Every structure is written in structure tokens, then in C-alpha cells.
Amino acid sequence: MRTDPQHLFIRIQLLQNANFGAASGKVTLDRPTQVDAYLELPFVPNSTLRGVLRNQIEWYPGAGQNADAMFGTRLKQPESPQVLRENDPGKLIVGNGDPLAFPVLSADGRRCWVLPYVFLAKFMMLDSLCGTVIQTPRIGQSLRQADPKVGRMLALPEAPPLETSRKIKPVPPASLGDEIDLLRTALARWAGDWLPADEPWLIVDDRTATALWLQAAEIRDQTALDERKVARDQSLRRIETVPEGTLFLSWLSWLGEGDLSLDPLTIQLGSGEGKGSGFCRIAPLGGSKAAPAKAPQPPAEPRPSTRIESDSEAMVYIYKKIQQLQTPPDRTFQKKLRSAIGDVGWRIKSAGMETALSFALAKAKPDKPDPKPEQLAYRWLLKTLLNASGDLSSLAGQLFDQDFSPEEKINLLRRWQWLRKYSEVELVTANPEGASS
Amino acid sequence: MNNQDHLYNVNLMPVEPILFTDNRSARAGEDHLIQDQDPSPHTIYGAIGACVAGMFGVEIDEKQWEPVASKYLGKFASNIRDGDPARSELLGYHYHDPGGHAWFPRPQHIRLRQPGEEKIWIAAAGNVQKVESELIAASLETFERFLNYAADDKECEIPDLFSHDLLKACLCGNMQENELTPDSDRLPLERLYRHENRLGLGMDYERNQTLTGRLFSRPYRRYSAQIDSKGNWSGMSIRAYFKTTAPLENERIQNRRIALLGGDRGRAIAEFESAGDEKPLLDICRAVQQAAADSDGFYLYLLTPAVREGDWPLIKGAKPLAAAIGKDRAVSGWNSNRQGQHPRPIRRLLPAGSVLFYPWPEGKPDPQLIHEYWLEPLTYKNGEHYRNSGFGRLLIGVWKNEN
């Protein structure tokens, strides 16, 4: 393990609202989101980020990535106690996602981006450890003049009217000399093209940022519905969410050899995954934009192509497959399918891809003329995973004794991962209340 | 030019919330209820030692230690109990704010009163009232018998820190009842850090489900940070005094490094600076030496917490006459030797700020004693335990018998 770590930022942008559960509560909220103890601004807990990244890399390791090396080894499962060993620490240290910018609406309905200067200054300080030195002391001193009653704001390019009771005094850009350009350079590096350049950016002091966050936070009401789509008693909840578009930066330290390999990803953070909350894109700074979603490929030969499917492609493909099962839904089949998806996942993890699919093929019994629901479920599962058309007869007798290529495995794992996610939300497990079996 | 005496001021500035616990698995049923506490001296010692080793590309690993790391840190030792002057030492530490002001634990014999909402006053500075013969019993007499102190119903027990000048006045025995100004005389603890409780869930990632009964809360400590007068980001830091076994080359210490602190390997920026050849905080030491002339005795002030080991410690063969000590606390730590990482045994500590009162040897003020014991570790009859890790480092004050 190296003793001079490689430091780098990753940027995280919410594609949907997110809630990062807080241990402390608020009187008016059932589920507040985690906020900084001093500034009461939202952040992405490093433990959340680390756990999701680990899961992602365990299932879809990219080139040069190893989850155990990056995040540490796990103790073996209790069913194999003879191979228990001490944990080795991971070589990747993940920091909290600190807020770079969050959106707020101006009084005239325009979206603006609030950038708390205290974090910009922190990012500059951390950047200096890597040799990227940008200092804007005059901007810092100007914003530091804010007091409890009057805030300070540097607007790029101009300040729209804001709906806040806090008085805010603008900082004249002319007084800041070339530091405005330095700041723009830093912001371009941190935000990339993930912040719209044609919308106002408002760089503010701490208290003003907190005041504007109270306006920006979205409060949602949720209630649970039963099988008949009727609200359950006492299930109303008020949930605080971080709005879509909010941008965070997390500072990573890599203690492994060479440079850290981290690809742009789409992941889910925080609660409410099944409701679509918390999906975000992440990328290391200096990387390209996340790969744009492409239309799913038309059904191909039973073996998938060696082109690696993007996560977005897999998501859309599986979503459409699942939706085809809903018109009309066969509850018995869906119950079996859910069970099959979980079973295959466990086998992939414990015994490998080839073994898991061999077992699924055996359960599918493709030659059996009058298949039971479970066999139908496994057949559907295999066809979906393998993106296969036809009746799987061509696979009969095969034992998948030829290993899948790494690219094929990545595609299979991505599809299975989205099957698992959508199965929890979309596939039923029980009959409606009052309905007969 | 290198610091030939190899003493360094080390600033550790956390850049993210830190989790300091005592490694106990405090479960209520299946839940973890982990308590927050100040870092153990050994945590600070280990973090700085790892930084020094890292300057030479060496990990905390017994197999890698020789010959490079041992030149600057001494031989690798897993047992922190046995003191060894041939190894590196942590001489002490305290807090530092972004404005460069030092802050220290309140001496426990200084009582505070809060008559109203905001203002805090010194209520009493305990002075040893009656000097009797050396105690024979193993335990000390009660606080009130020896220390001139009357209970005050407006007394408050707040964990505020004392400024450099206020501590100096305390150690010189010049305390009077006066108002303590926040951020000038005293630092409210919440200006240093705030707790940030964070929930955690045990997950079964294969099934994407939470594990039953694995909800826990961890009390991270977020140190305050601000934009300083120069317009830069700056946070509260720990100022430590660290002695190596060989001078560090200037090119090694000129760059800032990352130190890992506490659970989750929280990161702090470590900056090293040569400290010259004199003991740290020497201005306070000299002031106390000057105040010793008309004093009746001296007292030990724990700058860092000390491991309790039975009998009260002897100074020049004398037992203490009185003491004002805080509630002891448990600390653990982590043995990060790459050959087998594991938690350290739990130890109970006298907290920093505790004071123990002694008579002058032979009844005569001894300013030289003050300098001799300045930033030395608290010792017991049986030897210099825990010398290297920074436990029980002392400052010396003087007390005057008002009668």
C-alpha cells in the first residue's frame, strides 16, 4: 500500500430527488435528510457512497477494479466458518459528498444555482494537496463580511430576485479583479458541463446558503397504499428530499498502486430506491460525460454480443421486459419469477455465472411440452438475461461449459441487477386482499 | 537546516467528520449504541507516527519497519505500556483555532458559575487550605477539606476550553473571580465541534435487503471550519508536540500530508514544523517559575489524559495532598500493525484537566522542578508507563495558601 495517496474528486449529481436518512429529527418532518451539523446543508454520507460503490464494483468490476482491494475484504459467510480471516483494510478512502451547488427558484421563476463559498474554499484547499493551486482570497474576504443579518452574494452573471427574508448584499465583481476568472476555472473543473452555464450561479456566505437551502429542499408527502390502492391508516409521512440536479463533490484518497480506475456510473443513493429516488450519476473529475443512453439493441443470437451494454441500456431493456408481463399480470408466474431471480443471483455470487445459468437451464426444462409456472419463469429469465429469442431448445443439453467472456458477464450481471430491482417493485408476491387464489 | 533536537509542532486539521469511539460494542439488543469521546493520546501518536513513517514510504508494519522507520521513530513496539526513551514521543497536544489561538482543558479545580443566561464567571479557584502531614491512606481526602471552595447553586459544569492566557493565569495561581469572555477567555465546546449522529444499516447485498436488527447510530464529530481572515478555508485543529529519534529532513516535512484519525479512517491534514530546541509552551513555564517564589506548593495539571494505575503518583517521593479530577473514561484504540489489526485493550483514564496538589520538597519553592517536569509524563511508583504515546503529559502550576 502506498503511503502517498492519490487524491481525486468525484462529482455526484442527483438525477432524481434523494433522501439520506438522518439520525436526528425535526418536529415537522418524519424523515429529514442528513445535514451538516453546523451549516445544516445536505451532504452525501461517505458510508452510503462507499457501500453503493462497493456493491457496484463487486458486481460490475471495470478494468483494473477489485472490490476487496478497494474497500477491504469481508469475513466469509457463517456457512463456511473454516475460511474466516481477518479483514484487510481497503485502499480507497471515500469522503462525504459535500455540496457544490443546489438549485433554487428565483422570485421570477428562474432556476438558479446556489454555491456555498465555504465548500468552494474547501475544495480549493483540497485541490492544492494535489498541486492544483487556485486561491481567491478577495472573494473569501468579501463573503466573510456577511453577518447574521445581512448576507453576501457574488452572482455569475447576475443576481435574480430571490424569495428569502434574509437581506443579501451583492459583492461587486469589479472589486475582485482576476479572481472571478480563477473561480470560473475552478468551477469549470469541478462541475464540468453538469451545471447549466446559462442559468445564474450564486456564490454565497454560509448563512445565506442555509437560508436558501430551506427554500430549495423539497418536502414530499407519502402514504402507503394497500393492494386495493387505498391509503393505509396512519401511514402519511413528510419526507425531506434533496432536489434533483444538486451537485456534490466527494474527495477520495487512493492508497493502491497506480491510478485509481473509476468509470462514470449511474447509481442509486439513499432511501426510496423502489420509488425511483436517489438515482444519480457520478464521474471522476476530468472524465467525460456519462455515456448517453442508447436505444436497446434488437433481439440477437442467444449469446450476447461482446459490446458492453451501458447501465442505462440495461435498465431500459429490463424495464420493458418487465412491463410486458403486466398486461395482464399472471400472479402465480410472477411469484415464481421473483423467486427464480433471487435464486439465480445467489448462485452467481456463490458459484459463478456459468453454474448459475446451468442450474437455471435445468430448472427451465426447455424440452418439456407442458411446462409448469416455475419452468416458465426460468425460461423467461434465461431468455431475458441472454437476450435470446426462440424457445431455448438450442441450449438443451448444453452445460455452459464454455466460460462467458468478461464483457458477456458484465452484460449478464447488469441485466440481472435490474431484474432484481424491478422485480421487487413491479412483480407481485401475493394475491390481493380478499381475492381467492 | 534541520531541527537538531528533532522536536516538531504538528498540526492535525480534520477535513471531514471523525469518529472517535472506544471500540466497545455497546449493544442494546442488536443495536449498536456507540459513544463519542475525545481521541485517545495513542490515536494522535499513531496518526503522527504513521505520517512520519509514510514520509519514507513505510507502512505501519513490523516487517517493514527496519531500518528506515526505526531510525526516526525507534523500534517497532506493539505494547504501548512500556515506556522507552529510545522511541519517538508525543509530548502533549491541545486544540488550535483557525485564528492561531491555543485552547486547553479547564483545570478541574477552577469552578464556574453561570448566574444568568449567557455569562460565565469563575466561581472559585481551589487553593489548598490546610497543609497537613502526608497522607498515609491510599486514597485522598475529600475535595472540600483541602480546597477552599464553597458550593454555589449557580455553578455550571460546562466543558468549555480555556485560552492560553487564562491557563497561564491559572497555573500561576493568579485566579480571581471574573467574567470569562467567549472566544477570548473560554471556547464553548460547540465552537470546537458538534456531534453528527449518523445512522447505519447492515446490508445483505446479495438480496439487497437490510439485516434484521442491524440498525445503529454513530456519533461523528464535525470540527468547525470557516473562511479565515485571509479568505481561505480553515478548520479547528489539534496542535501536537512530537519528538522523533532522528531529525527529519526539511524536504520531508515541507509538504502537507494526510493523517488518518479514528474510525472510518477520517482524514486530517498534517503539517510539520520544527519546534526549536526548547520545550513547548515555555512562555507559560517561565511565568509559572516566576510566580513560584511566594507559593506554598505546586500542582500537576494533566494536559493529556493519564492511565490510572492504582496508587496516586509520587513526585520527589511525595504523595499528593489533594486532587480535583474529572470523571474517568474508557479508551481503546486500534493496533494497525499490518501483521494483524485488532482493537487495543480498554484502559481507564484520568481526563485531561485533572489536577493533583503537592507540597514543595523541603518546604521551599523549586522553580527548577517546574521546568524539569514540564511536559513529562505522569509517573507512578512502578515506572514510566505509557511514556511514548502521550498519556498523562504534565504542565505545572503553583498554589498559594490563603491562610
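Let's start at one leucine: L199(B) has a relative accessibility of 36%, so it counts as partly exposed. Keep in mind as you look around that this is a predicted model. L199(B) sits in strand β12 of chain B, the stretch that covers residues 193-204. It also has nonpolar company at the surface, since L199(B), L201(B) and L215(B) make up a nonpolar patch of about 250 Å².

Now for a residue in another setting. N11(B) belongs to strand β1, which takes in residues 7-14 of chain B. Its relative accessible area is 15%, and because buried means under 20%, N11(B) falls in the buried class. What does the side chain of N11(B) make a polar contact with? The partner is the side chain of S237(B), at 3.0 Å. Leaving aside residues up to four places away in sequence, N11(B) touches H96(B), S237(B), I238(B), R239(B), I269(B), A270(B) and E271(B).

Step back and take in chain B as a whole. It has 403 residues, and 54% of them count as buried. If you trace its fold, you'll go through 8 helices and 27 strands. Take the contacts in chain B with a sequence separation of 6 or more: 75% of them come from residues 24 or more positions apart. As for the outside, the accessible surface of chain B is about 17,300 Å², with 46% of that belonging to carbon and sulfur atoms.

That brings us to the partner chain. On the chain B side, 45 residues are in contact with 52 residues of chain A. Between them the two chains bury about 4,100 Å², and carbon and sulfur atoms carry 50% of that area. There is polar chemistry here too: 19 residue pairs are in polar contact between chain B and chain A. The interface also has 3 salt bridges. One of these salt bridges joins R222(B) to D36(A), where the closest N and O atoms are 3.3 Å apart.

Which elements of chain B give two or more residues to the side that touches chain A? They are α5 (189-192), β12, β13 (209-223), β14 (225-227), β17 (257-261) and β18 (266-274). Of that side of chain B, the largest share comes from β12(B), with 7 residues. And that takes us back to where we began, because β12 is also the strand that holds our partly exposed leucine, L199(B).

How values were computed. Residues are numbered from 1 along each chain as its sequence is written. Chains are lettered from A and ligands numbered from 1 in the order in which they are written. This is a predicted model: local features need pLDDT of at least 70, side-chain atom pairs count only at pLDDT 80 or more; totals for chains, interfaces and linings use all residues. Side-chain values use heavy atoms; hydrogens and water are left out. Patches are made of residues with over 30% relative accessible area and no salt bridge: like charges are joined within 9 Å, nonpolar side chains (Val, Leu, Ile, Met, Phe, Trp, Tyr) within 5 Å. Accessible areas come from the Shrake-Rupley method with a 1.4 Å probe; for residues, only the protein chains shown count as cover. A salt bridge is a side-chain nitrogen of Lys or Arg within 4 Å of a carboxyl oxygen of Asp or Glu. Helices (H or I, at least four residues) and strands (E, at least two) are DSSP runs, numbered from the N terminus. Buried means under 20% relative accessible area, exposed over 50%, partly exposed in between (1.4 Å probe, protein chains only). A polar contact is a pair of N or O atoms within 3.5 Å; within protein, one must be able to donate a hydrogen and the other to accept it, and residues adjacent in sequence count only if both atoms are side-chain atoms. Contact means heavy atoms within 4.5 Å. Buried area is the accessible area (1.4 Å probe) that two parts lose on being put together, summed over both.
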